[in-house]
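These are my notes on the model, set out as numbered points. Please read them with the structure open.

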Amino acid sequence: MTTRNPVNVCIFCGGRGSAALIRELLRRPDIQLSLLVNAYDDGLSTGALREFIPGMLGPSDFRKNLSYILDFYSPQQFGLLRLFEYRLPEGFDQNGAEGFKQYVKTGDDRTLDVQLRSLFGDLEARTRQQALRMLRAFFKYHAASDARQKLTFNDCSLGNLLFAGSHILCGGDFNAATAMLSELVGSKARLINVSEGECRTLVGLKADGTLLGCEGQLVGKQSPVPIIDTFLLGSTPEPAEWQEVANTSVDEKALWLRSRELPVKPSEEALAALAAADVILYGAGTQHSSVLPSCRIAREAILSSPARIKAQVINLREDHDIQGLSVTDLVDRALFYLDDPSNARRGITHFLYNASGESCNAIRLDPSRLDSGEKYKGATAVGGSFENYVKPNVHNGYAVVDQLLQLLRSAGREAAEGLDIYLDLVGRNLALESIIDELAELPVHDRVGPVSVFLSGAKVPSGWTNSRVLFHESAFEGPNAEVSFLREWLSKRSSEYLVTMTGDGEYRLGDIVPAVEVLRAANYGAVLGSRLQSRLQFRTSLRAAYGESGLLFHLSAIGAFLTSAVFGLRFSVFISDPLTGFRVYRRNQLSAEFQKALSERSSDTAIGVMQRLLECNVEIAEIPVVYRTFTGFTDAKWRFRRGLRNLFRALS
């Protein structure tokens, strides 16, 4: 079956700053997410592990991101989350380490304390064995190392030890170790090391010439003097070496550090993800330790990527490394690392900033620096309420992602989709003007592009023109004309969406908008508008249609539920309103197999179309819609005959 192409999103992120964005992106079934992270963290237990295992990179940010892409609603995945984030307590070296090592070796959990026994007990057997295999490799290395006495386990993350063990199992290949841990997690998101795995030390230089000799100093407390650049070295300069340039200018110090840099290449996985990206995000977080160095490593791939949106998500508050910087200062920083200071190569198309920040250290926009049209160096400024109102200093993931997807649509990825509407107006010609007015007011055109309306049983008023909606007369008429139009739409039209609205009552055209949004948000091929999901509406409609005949009223009420029940028993899918005349289709979810099946004579009814959709594995959703019928207007016998015909099709 043809499936909808996912939106490929690459996000440059660090440890925690983009957590809300990542989780929201994972909630969107039509997004393929790639997380690009560098591995130059060297603080606390991560730094101790890197020193203990020569050549190993920092696993901390990778461990944190693995925790974000776990499924919180799965007990198994939640168990992995607890395992990754558990930190061994103070005094563990003296009171628990030997028992833990014995458990890793034998699998006998009687040597474990209660909390560790619970952590490993929550894992299914296969996952537990994979984790123990990694830990076994680490402790074997630890036992054989002359430097083992230098490594303590107090406050060490279990997730970091798992990374260390997988690093050893993979022969010192950090990227292979990342793949091994990602397989353990089993997320649809891809966690990618932005580099090929070269072991480097990240250092920084401040505007007053102060050296920040490691990543831990970059993210820690420091003077408000800005950081002007970072460098990837083989190791931190020794005090005696730095003393050689201590009395030189800042520019000379920067040249000295640049001359000592060792090359770092982007990984093949990162290059492939960026080449396929529809959206590239420079995430929030500690900029000079995570996002900006990663952008420098992959800058050429970023600049040459066909992504329509390359957006910088501005931090909500100042971190130690960006004290005193404004929104546009941070844009300048990113462009500097991309080696595109004027944004001539469109390394940044948009930057999203929180326009409602009120705290003293909120990062603010200086409007005087913007060009006309709310732009800065060609990048569009997008202000909004992007802070979580329940958790201050945390981004509102939904608001940010929703804004990004709107930008993507307006950038043209879906601008040419188009929408066709088949509208049955037999017997309702007097309502035509009202319908035209309602269609002209709807925001459908802004969301999907060109809109064409095909009227059945009515003539388009002479001289009627509208730049947003084109009106045509349809030659298809009769009780199942919408099926004929569906066939023609699949074979001869090119729009992405089709709405068919048939029946002897009135649908609310505004329901088209949420129906299209449902199709866009998930991999559905059709959305049905259910007229039965409101009790009041259901009974009112029946009374209006059959109120003059008590027998038909009761028979039709029974028939509505009977049709749904028979349909459910026949096709093993419950649809509350399989006879609905309100249907919305999405072309790229309808396979050639469905189009061929639709040509068969047995597909000439509403139930017949439903049967073909299900047989061809097309996903169907239902939403409630407003539908009104009017006493004295409907043909009760015609409605009853139509219902019986569809019921017969469901039974055949």
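1. I start with a pair of helices in this predicted model. Helices H2 and H9 cross with right-handed geometry. On the H2 side the contact is made by Ser-45, Thr-46 and Leu-49, and on the H9 side by Asn-160, Leu-161 and Ala-164. Sorted by class, that contact holds three nonpolar and three polar residues, with no charged residue.

2. The geometry of the pair can be stated in two values. Two packed helices are described by the angle between their axes and the distance between the axes. For H2 (residues 44-52) and H9 (residues 158-169), the angle is about 20° and the axes are 10 Å apart. The two helices therefore count as roughly parallel, since the cut-off for that label is an angle under 35 degrees.

3. Helix H15 deserves a separate look. What is the state of its residues, buried or exposed? H15 spans residues 287-297, and eleven of its eleven residues are buried. Among them are polar and charged side chains, including Gln-287, His-288 and Arg-296. The list of buried residues also has Ser-289, Ser-290 and Ser-294, alongside Val-291, Leu-292, Pro-293, Cys-295 and Ile-297.

4. Two backbone angles should be checked by eye. Arg-346 is not a glycine, yet its phi is positive, at about 60°. Arg-346 sits in the loop between helix H17 (327-337) and strand S9 (350-354). Its relative accessible area is 36%, so Arg-346 is classed as partly exposed.

5. Glu-374 is the other case. Its phi is near 55°, again a positive value in a residue other than glycine. Glu-374 lies in the loop between S9 and strand S10 (375-376). With a relative accessibility of 45%, Glu-374 counts as partly exposed, because that class runs between the 20% limit for buried and the 50% limit for exposed.

6. Last, the totals for the chain. The protein chain contains 27 helices and 20 strands. Of its 652 residues, 54% are buried. The exposed area is about 28500 Å², and carbon and sulfur atoms supply 52% of that area.

7. How much of the contact set links residues 24 or more positions apart? Counting contacts in the protein chain with a separation of 6 or more, such residues account for 75%.

Note on methods
Residues numbered from 1 in each chain as written. Predicted model: local features only at pLDDT ≥ 70, side-chain atom pairs only at ≥ 80, totals over all residues. Heavy atoms only, no water. Helix = DSSP H or I, 4+ residues; strand = E, 2+ residues; numbered from the N terminus. Buried < 20%, exposed > 50% of the residue type's maximum accessible area, 1.4 Å probe, protein only. Contact = heavy atoms within 4.5 Å. Areas by Shrake-Rupley, 256 points an atom, 1.4 Å probe, with all protein chains shown as cover. Axes fitted to C-alpha atoms, helices over the stretch in contact; angles between N-to-C directions. Parallel < 35°, antiparallel > 145°, perpendicular 65-115°, else oblique. Left-handed = near helix turned anticlockwise from the far one by under 90°.
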